[in-house]
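Take a look at the salt bridges in this predicted model. Where do they sit along the chain, and how accessible are their partners?

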Amino acid sequence: VTFNKGHELVPSDETFTFIQSPIIKKISPGYAISTQRTEVEIIGEYFSQLSNGVAWCLLGGFTIEARRINETLIAFTTPSVQERISSHLRISLNGIDFSASGPIFTLLPPPTVANVYPLFSHEYGEIPITIEGNGFHNVSGLSCIFKFDNDHQIVAANYYSYDRISCMTPPLTKVYKGSTNMEISLTGRLFEDNPVVKIEYFTGLSISSIDPVDCPKSGGSKILITGQGFTQQQSSYYCKIKESHYEPIYVPADFHSNHMLTCTTPASQYEGSSGLSTASLSIVVKDNQSFFRVGAFGEDSISFHYRDDFLLKKVYPDFGSVSGGSSIEIIGENFFEPASIQCSFDVEGERLSTSAIFLSSEKITCTTPILPSTISRRDTISLLQVKISGMVLSNGGLRFHHRQHIIIESVEPSLFPE
């Protein structure tokens, strides 16, 4: 050491060492969440020159203390910041002299979520979930993490843009009911700042029967769907009606219990000459603007028939007693033998029904009902129609006369053998 420009040197016991500038070969991971303190490893050369095991990293204006793990490995913890930082990472072994520009390291703010659909899956998974928001990046750790009790499943996300990704729901690996939390992650790790969305899992949903299975082509039939696994929390059940090659029609379904839904059939799309068209009914769920199946494999569906409306031509006789019990025949077309067929008498606002018997495609028979006491004191007229499972399946109907007193006008045949 000299104090007079080199004329006199003062001896010293201190030593000064020239060291090789460290070289960074790899950073793992190459990015992290800006609000999450993350352990980062730096792989390189000449780290053995550290005398006290402490190094420093320079990242976007932040000087961060690091520690030597071994001769080729140094580790540091990222700072917690709100903004995005993307910068070359430089390293110093003395806190003063930093290496030349190294690989780029990025701190990404956590993404935000604005819209998720659908908000459900069945127990077998494979339902695509679309996530809309911002802050998504096409990085290796982009994923959805589904948390089930004390377990979780990580599903890689499909990247579309900065504001849209999608994930496929995983199947349930054990008995689990209710909703699960789905975290959207850029790193594939659980983190308190990750956006969280509740996803409802349906278990054991299936259809066992529908009634009626014969409906008019004009539509309007209320179909009772019996099955299991329906939940009141999910209010967006729809019936998917599919005929042959025609596009399916979706109609809202009403929830009644865990075993029962109802929906109203649309008009048939069939334009062929046959009076019969077969359609399939399955239950789907609508979320946002898309329909998704909820059956186990494919769609759990049951077939039903669209039929031409009964064409009523004539009723014989066209009158009977207000006290009921008169046997009548209805002549027409397109009759068939369903599980339940009835004659319906619409009289002065009262709709009265009696069981009918199928005789042929052109004839059925039934017995007239007893009119209520408020009506039976006078002659009146009703509109006669034919119903199947409570649904009118006939054209406009026929006029039937209810009389207090029956007058015999003729008897056929009029001659009998002695």
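Start with Glu329. Its relative accessibility is 30%, so it counts as partly exposed, between the 20% and 50% limits. Glu329 pairs with Lys363 in a salt bridge. The closest N and O atoms of the two are 3.8 Å apart, and the cut-off is 4 Å, so the contact qualifies. Lys363 belongs to strand 33 (residues 363-367) and Glu329 to strand 30 (residues 327-333), so this bridge ties together parts that are 34 residues apart in sequence. Lys363 is partly exposed too, with a relative accessible area of 28%.

Now go to strand 3, which spans residues 39-45. Glu39 lies in this strand, and so does Glu45. Each takes part in a salt bridge: Glu39 with Arg67, Glu45 with Lys25.

Take Arg67 and Glu39. Their closest N and O atoms are 2.3 Å apart. Arg67 lies in strand 5 (residues 62-70) and Glu39 in strand 3, so the bridge joins parts 28 residues apart in sequence. Both residues are partly exposed: Arg67 has a relative accessible area of 38%, and Glu39 has 36%.

Lys25 and Glu45 come next. Here the closest N and O atoms are 2.6 Å apart. Lys25 sits in strand 1 (residues 23-28), and the pair links distant parts of the chain, 20 residues apart. Is Lys25 buried or exposed? Its relative accessibility is 54%, and exposed means over 50%, so Lys25 counts as exposed. Glu45 is partly exposed, at 28% relative accessible area.

These pairs are among the nine salt bridges counted in the model.

How values were computed
Residues are numbered from 1 along each chain as its sequence is written. This is a predicted model: local features need pLDDT of at least 70, side-chain atom pairs count only at pLDDT 80 or more; totals for chains, interfaces and linings use all residues. Side-chain values use heavy atoms; hydrogens and water are left out. A salt bridge is a side-chain nitrogen of Lys or Arg within 4 Å of a carboxyl oxygen of Asp or Glu. Helices (H or I, at least four residues) and strands (E, at least two) are DSSP runs, numbered from the N terminus. Buried means under 20% relative accessible area, exposed over 50%, partly exposed in between (1.4 Å probe, protein chains only).
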